[in-house]
Number of protein chains: 2
Amino acid sequence: MRPRKRGPANKKATLVDVAERANVSAITVSRVINQPDKVSEELRLRVQQAIDALGYIPNQSASSLASARSGVIGVSIPSLSNVVFNDVLSGIYDVAGASGYKVLLVDTHYSPLEEERMVRTLLSQSPEAMIITGGEQTDACQRMLKNARVPVVQMMELLSEPLDMNVGFSHHQAGYAMAEQIIAAGYQRVGFVGARMDKRVQQRLAGFRQALEERNLFDTALVATTPKPSSIGLGGEMFRSLMASTQGAVDAVFCCNDDLALGALFESQRMNIKVPEELGLCGFNDFEASTFVNPSLTSVYTPRYDMGVQAATMIVNVLKGEPQSEKIVDIGFEVRLRQSTRRTAN
Amino acid sequence: MRPRKRGPANKKATLVDVAERANVSAITVSRVINQPDKVSEELRLRVQQAIDALGYIPNQSASSLASARSGVIGVSIPSLSNVVFNDVLSGIYDVAGASGYKVLLVDTHYSPLEEERMVRTLLSQSPEAMIITGGEQTDACQRMLKNARVPVVQMMELLSEPLDMNVGFSHHQAGYAMAEQIIAAGYQRVGFVGARMDKRVQQRLAGFRQALEERNLFDTALVATTPKPSSIGLGGEMFRSLMASTQGAVDAVFCCNDDLALGALFESQRMNIKVPEELGLCGFNDFEASTFVNPSLTSVYTPRYDMGVQAATMIVNVLKGEPQSEKIVDIGFEVRLRQSTRRTAN
DNA sequence: GATTGCAATGATAGCGCAACCATTGGCGCT
DNA sequence: AGCGCCAATGGTTGCGCTATCATTGCAATC
């Protein structure tokens, strides 16, 4: 390599440049940045001055390489556009940021193959820990994660055999609980509307189905699903088509999330179907709108922000070397009954 | 440093390990990874085999350090929980991902000081480009960005003096246009409900105000603002309190975004105020719910996904060395009139 | 048949930083 | 006084990779 040109401010300043200017050794500059209490007040000020004067910004690549610490937590989620992950990410960012970690985020578009590619990308950044979604990684992906020898949290759902740590709740139980409540509210012919149909949605459906089967109320004809991504518009469409195909032989509908449920609710208004009197309606995740819409929408609250906080906290604690309390955390859920299932008659 | 222990798989595999196993030089392995066409078929296969066998994952820190290319685009947004940025991020991620760039994302919580801190963090990762939000960076922050000598896109709004590139639309014009439409629909006493009141919301308000003032319709008493973050719940509260404080002397309300507007709409339903007959209502950003709610909500559509795509595309083109068409792109907006301002009488 | 050109591969030398160990000097203790 | 100790600072080395410049061998050219 050619000797570097030494023109004026030709290149970004390095540790050595700062050291020269402050008339100290490079390692002292490094200490000023990373372990300021190990440096005398006087030197620290002198060095800080040189840093400011040169506009020095440490090169994290070099630091990572030399110290084997990147300060990065890799996070993989299946969808950036699904609002559910916003809240989770907020929790992760808040905790990670407060502990000085950077978050490198990737979107797998609900594809295990893309997830594998993305995890490889993340691992090449030498993250100190990983937070990933669910448990449907490819074998190769799981192997990579194990070889990486960093703490891993799988979040969003409870797993029977997590790779390492796990925080989530049982989507099966949640689906079951919601179904029970619908029935308890007096509805009998309960339909299901589901989109995307990823693993977690399937589990909700399974829970729902079990609750109904136990009471001999389950009817496949009342279940409508699609691999398309959820949206309010889709919820409306699916609702209308379910009502048509069943010729109204449905007295309640459980939507696999609140987008669909809101769409169904708005559509039912246009169809002049009275909710909750003629039809019960409920969703999942409890978005803010569900509280405020008229009638307010029954839903299953999922502690998404807390889940993100929990995931990041587990990571940070392990990285700090603190004793680990729990490897698996059930963050729970909460059925929130509102007007949309409050059948007055019956 | 001590000689590294050579136990079995004691450490993660390196380029050299792969090279030894494949019986080639290290640089050849590097080529197999980065410029496969420069290596003969035979060697390429042999090396690939070794890579797979060892589960080798390149160390991006070392690569960045040696090549001065990180493959990272730094992105700074003011809020992770504001859904508006979801769409923008989706666009950025789609384009960046397709071009092989990683995205390092930070959240500044609408604070210029935190933004400065976060930009410093981003720059320490040697990003090849930066995408940041708006133009209210601190002086120090702007200086850092200039010294970094990487392409920078400021997005979300049009700036008179962008640091480098700029993509957005005029919030002033958008506010003005919406106000014009409200008036054209026959409303006269138009209120404004705004939350967060960041620069862009202020510009919307300024545009709104100008349109009303030009017609002698502006009345400060009808403007309600708060620094709190927007939400549906807040929209309901602010609407109710505006109606109370003005004793109903308002015949339309422009909310600075759709969260507030939906909250206001739901609240108006509970207050038995007929929209659009007794009251016109409109929002901003055009969330999906606005299309489907009853009555459907007039709003200003903002091309958020496209804006993300545009920002990332500009970056990628510059990085590719392609001739740059435009440094400043006005991505536009579109007033979408719906039922909530469709006054039947008058 | 000698020359040129190019494709394929290798050797060497850093990139900027921090781990490690060494050195210095001052302090408290017996 | 002599010893050990610790705080403050520095010198050297190497983290894992790629830019750069060889080197090799072979085909195409006249």
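The following legends describe close-up views of a predicted model in which protein chains A and B lie beside DNA strands C and D.

**Figure 1. Surface of the protein near DNA strand C.** The residues around DNA strand C number 27, and those that come nearest are Leu15(A), Ser30(A), Asn34(A), Tyr56(A) and Thr28(B). Of the atoms of DNA strand C that come within 4 Å of the protein, 69% belong to sugar and phosphate. Both chains contribute helices to this surface: helix H2 (26–34) and helix H4 (60–67) of chain A, and helix H2 (26–34) and helix H4 (60–67) of chain B, each supply at least two residues. H4(A) gives the most, with five residues. Sorted by class, the surface near DNA strand C comprises 14 nonpolar, nine polar and four charged residues.

**Figure 2. Side chains beside phosphate oxygens of DNA strand C.** Tyr56(A) places a side-chain N or O atom 2.2 Å from a phosphate oxygen of DNA strand C. For Ser30(A), a polar side-chain atom lies 2.5 Å from a phosphate oxygen of the strand. Chain B takes part through Thr28(B), where an N or O atom of the side chain is 2.5 Å from a phosphate oxygen of DNA strand C.

**Figure 3. Surface of the protein near DNA strand D.** Around DNA strand D there are 26 residues, of which Thr28(A), Ser40(A), Leu15(B), Ser30(B) and Tyr56(B) come nearest. Sugar and phosphate make up 69% of the atoms of DNA strand D that come within 4 Å of the protein. H4(B) provides the largest share of this surface, five residues. By class, 14 nonpolar, nine polar and three charged residues form the surface near DNA strand D.

**Figure 4. Polar atoms beside DNA strand D.** The side chain of Tyr56(B) has an N or O atom 2.2 Å from a phosphate oxygen of DNA strand D. A polar backbone atom of Asn59(B) is 3.2 Å from a phosphate oxygen of the strand. At Ala66(A), a polar backbone atom lies 3.4 Å from a base oxygen of DNA strand D. H2 and H4 of chain A, together with H2 and H4 of chain B, are the elements that give two or more residues to the surface near this strand.

**Figure 5. An aromatic pair in chain A.** Over all chains, the structure holds ten aromatic pairs. One of them is formed by Phe208(A) and Phe254(A), which are tilted, at 5.7 Å centre to centre and with 50 degrees between the planes. This pair links distant parts of the chain, as Phe208(A) belongs to helix H9 (residues 199–214) and Phe254(A) to strand E8 (residues 252–255), 46 residues apart. Phe208(A) has a relative accessible area of 0% and is therefore buried; Phe254(A) is likewise buried, at 0%.

**Figure 6. An aromatic pair in chain B.** Phe169(B) and Phe333(B) form a tilted pair, 6.1 Å centre to centre with 55 degrees between the planes. Phe169(B) lies in strand E5 (residues 165–169), whereas Phe333(B), 164 residues away, lies in the loop between strand E11 (328–330) and strand E12 (334–336). With a relative accessible area of 2%, Phe169(B) is buried, while Phe333(B) is partly exposed at 26%.

**Figure 7. Phe284 and its surroundings.** In chain A, ring pairs join Phe169(A), Phe284(A) and Phe333(A) into a cluster. Arg204(A) lies over the face of Phe284(A), 4.0 Å from the ring centre. In chain B, Arg204(B) lies over the face of Phe284(B), at 4.0 Å from the ring centre.

Methods. Residues numbered from 1 in each chain as written. Chains lettered and ligands numbered in written order. Predicted model: local features only at pLDDT ≥ 70, side-chain atom pairs only at ≥ 80, totals over all residues. Heavy atoms only, no water. Phe/Tyr/Trp six-rings, centres within 6.5 Å; stacked < 30°, edge-to-face > 60°. Helix = DSSP H or I, 4+ residues; strand = E, 2+ residues; numbered from the N terminus. Buried < 20%, exposed > 50% of the residue type's maximum accessible area, 1.4 Å probe, protein only. Lys NZ or Arg CZ within 6 Å of the ring centre and 35° of its normal. Near = heavy atom within 4 Å. Polar contact = N/O pair within 3.5 Å; in protein donor to acceptor, adjacent residues only side chain to side chain. Nonpolar A, V, L, I, M, F, W, Y, C, P; charged D, E, K, R; others polar.
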